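Student: I'd like a close look at one part of this model, and at the elements around it. Could you take me through it step by step?

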Amino acid sequence: MNAITETLSGVAVSARANVYFDGRCVSHTVTLPDGTRKSVGVILPATLTFNTGAPEIMESVAGHCEVLLPGADRWQRFGPGERFAVPGQSSFQIRVEGEPYHYICHFG
């Protein structure tokens, strides 16, 4: 298992939340000193489809999810300390059951 990012230091945080899917996914945008943008959020139990603009790396912080990545024919499970990559200009499905899934999205 990889190390979990516990904190992001020296960042600017957007106070206004990004709320998707009737509140089942809520995140905040953070900007690092070098201008790199990330989002930190939580997904409540649901099955959702996300569209990507830029490539993304989703880092699992707490909870678990199952993901159906573009071109895949089976769901993959991810938990704390694990990551998965999603190509830009694509879409993926994510399924969360039980406890909320906490993540950091690194934009590529």
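Student: What is the volume of the largest pocket?

Tutor: Happy to. The largest pocket has a volume of about 270 Å³. Among its 17 lining residues, those closest to the centre are Tyr 20, Ser 39, Phe 50, Glu 56 and Phe 107. Two or more lining residues come from each of the elements β2 (18-20), β3 (25-31), β4, β5 (46-51), β6 and β11. Sorted by class, the lining holds 10 nonpolar, 5 polar and 2 charged residues. Here a pocket is an open set of points on a 1 Å grid over the protein atoms alone, where a 1.4 Å probe fits and protein lies on both sides within 12 Å along at least five of seven lines; a lining residue has an atom within 4 Å of a point. The volume is the space filled by probe spheres set on those points. Nonpolar covers Ala, Val, Leu, Ile, Met, Phe, Trp, Tyr, Cys and Pro, charged covers Asp, Glu, Lys and Arg, and polar covers the others, Gly among them.

Before we go on, a word on the model: it is predicted, with local features needing pLDDT of at least 70 and side-chain atom pairs pLDDT 80 or more, while totals for chains, interfaces and linings use all residues. Residues are numbered from 1 along each chain as its sequence is written, and side-chain values use heavy atoms, leaving out hydrogens and water.

Let's start with β11, one of the lining elements. This strand spans residues 101-107, and 5 of its 7 residues are buried (under 20% relative accessible area with a 1.4 Å probe and protein chains only; exposed is over 50%, partly exposed in between). Strands are DSSP runs of E, at least two residues long, numbered from the N terminus. β11 is antiparallel to β4 (residues 37-43), with 6 bridges, and also antiparallel to β6 (residues 56-62), again with 6 bridges; two strands pair if DSSP finds at least two bridges between them. His 106 of β11 is the bridge partner of Lys 38 and of Ile 57 as well.

From β6 we can follow a salt bridge, meaning a side-chain nitrogen of Lys or Arg within 4 Å of a carboxyl oxygen of Asp or Glu. Glu 59 forms one with Arg 83, at 3.7 Å between the closest N and O atoms. Arg 83 belongs to β9 (residues 83-86) and Glu 59 to β6, so this contact ties together parts 24 residues apart in sequence. Glu 59 is buried at 0% relative accessibility, whereas Arg 83 is partly exposed at 40%.

Now to β5, another lining element. β5 belongs to an open, antiparallel sheet of 4 strands in the order β5-β10-β7-β8. β5 and β8 (76-78) are the edge strands with a single partner each, so each has one side without a neighbour in the sheet. The pairing of β5 with β10 takes 6 bridges, and Thr 49 stands opposite Gln 93 of β10.

A salt bridge also joins strands of this sheet: Arg 95 and Glu 66 have their closest N and O atoms 2.8 Å apart. Arg 95 sits in β10 (residues 91-96) and Glu 66 in β7 (residues 65-68), 29 residues apart. Arg 95 is partly exposed at 23%, and Glu 66 is partly exposed at 23% too.

One last stop is Phe 21, in the loop between β2 and β3. Its phi is near 55°, a positive value in a residue other than glycine, and Phe 21 is partly exposed at 30%.
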